[in-house]
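This report looks at one structure from two sides, namely the open space at its surface and the packing of its interior. The sequence and the structure come next, and the description follows them.

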Amino acid sequence: MPFRSVISKFSVGAFALAAASVLTPTAQAAAPESNDPIKIALFDWTSVNLNAKILGGILEKLGYTVEYPTADYLSSLTTGLTNGDIDVGLEFWDTTAGEAMKASDATGQTERLGKLGPKAKEEWWFPEYMKEKCPTLPDWHALLDATCAASFSTAETAPKGRYLGGPVTWEGFDDERVAALKLPFTVIHAGTDAAMFAELDSAYQRKAPIMLWIYSPHWAPAKYKGEWVQFPEYTPECYTDPKWGVNPDAKYDCGKPHGEIWKYSWNGMKDKWPVAYKVAKAYTIDTDELNKMSGEIDLDGKTPEDVAAAWIAAHEADWKAWAQ
């Protein structure tokens, strides 16, 4: 159909509506900027992917094209964010990514966009009912006792206790911690975040023995009654100087670090997509809100997209202000 004929079929009202649309924030944000997709990284746990879908949904509302490549958590800091595979990553934890973030900063090709908001904690965790067998927990010395350790054993690890660590891509130095503190435990790595928490739920319902990596922000510390093991307090020297700590011959003889959760971008983002860059820098989220929404996904079966859409609708005034 000729273009002139198409025009003749539009009413004046339709033209008015079309004209008004160019004044929307969507057109304002997109018009002066690149149409290339902004790539926001997905990793292998719920909260980071929810944050990705929230930020991505906001950017789509502002007229951007967004893609969600799956990336490796630690190497993305020095490869994905520097070689164009990803443009933004929303959860890099001081607890596990401290060294990788330093390496990323040193490349000069990435930018630390600021804190996400929640404080990061990751450590060995056990259900409260396990204190019946190891009453001196959460002091880590309790785990040195062979009887206590055996109470956490399974057929594959007996007589040693079993510690269920996160996926190997998270690192965390649990194998090194076991060796440095001479703990009679075997580290078994979960294949996925979901598998780890499914095993926790199964064990908890049966009051079966389990010791595993629990992190916060997450819904698990609120749903399940338990405690984190109290290891010697982390210091940077614990991870770098064997002479530090209770074992003068080994590093990692302490607990995991704790601290902030950081956002990162490719350093060209601010020039290529300046409004999106402003929004990514301004984006923060409340800890309790993030825990609740993660539970809606993992426990209630909602999709990350639906949970993200609800947050975006409820916080419209906030993200519109970020884009100004």
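In this predicted model, the largest pocket holds about 380 Å³ of space. The pocket is lined by 19 residues, and those closest to its centre are Ala 97, Gly 98, Glu 99, Tyr 234 and Tyr 239. Two elements, α6 (94–107) and α11 (236–240), each give two or more residues to this lining, and the greatest contribution is that of α6, which supplies eight residues. The lining also draws on both domains, with at least three residues from each of domain 1 (38–118 + 261–323) and domain 2 (121–258). By class, the residues that line the largest pocket divide as follows.

| Class in the lining of the largest pocket | Count |
|---|---|
| nonpolar | eight residues |
| polar | six residues |
| charged | five residues |

Turning to the interior, the largest nonpolar core comprises 91 residues, and Ile 54, Leu 59, Trp 124, Leu 143 and Phe 152 have the most contacts inside it. The element that gives the most to this core is helix α4 (residues 46–61), with seven residues. Because domain 1 (38–118 + 261–323) and domain 2 (121–258) both contribute residues to the core, it lies between them.

What does Phe 152 touch, once residues up to four places away in sequence are left out? With that exclusion, the residues in contact with Phe 152 are Phe 126, Met 130, Cys 134, Leu 137, Leu 143, Gly 161, Arg 162, Phe 185, Pro 209, Ile 210 and Met 211. One of these, Leu 143, is itself among the residues with the most contacts inside the core.

Methods. Residues numbered from 1 in each chain as written. Predicted model: local features only at pLDDT ≥ 70, side-chain atom pairs only at ≥ 80, totals over all residues. Heavy atoms only, no water. 1 Å grid on protein atoms, 1.4 Å probe; cavity = no way out; pocket = protein on both sides within 12 Å on 5 of 7 lines; lining within 4 Å. Points joined across faces, edges and corners; volume = space filled by probe spheres on them. Helix = DSSP H or I, 4+ residues; strand = E, 2+ residues; numbered from the N terminus. Nonpolar A, V, L, I, M, F, W, Y, C, P; charged D, E, K, R; others polar. Domains from an automatic or database assignment. Core = buried A, V, L, I, M, F, W, Y, C linked by side-chain atoms within 4.5 Å. Buried < 20%, exposed > 50% of the residue type's maximum accessible area, 1.4 Å probe, protein only. Contact = heavy atoms within 4.5 Å.
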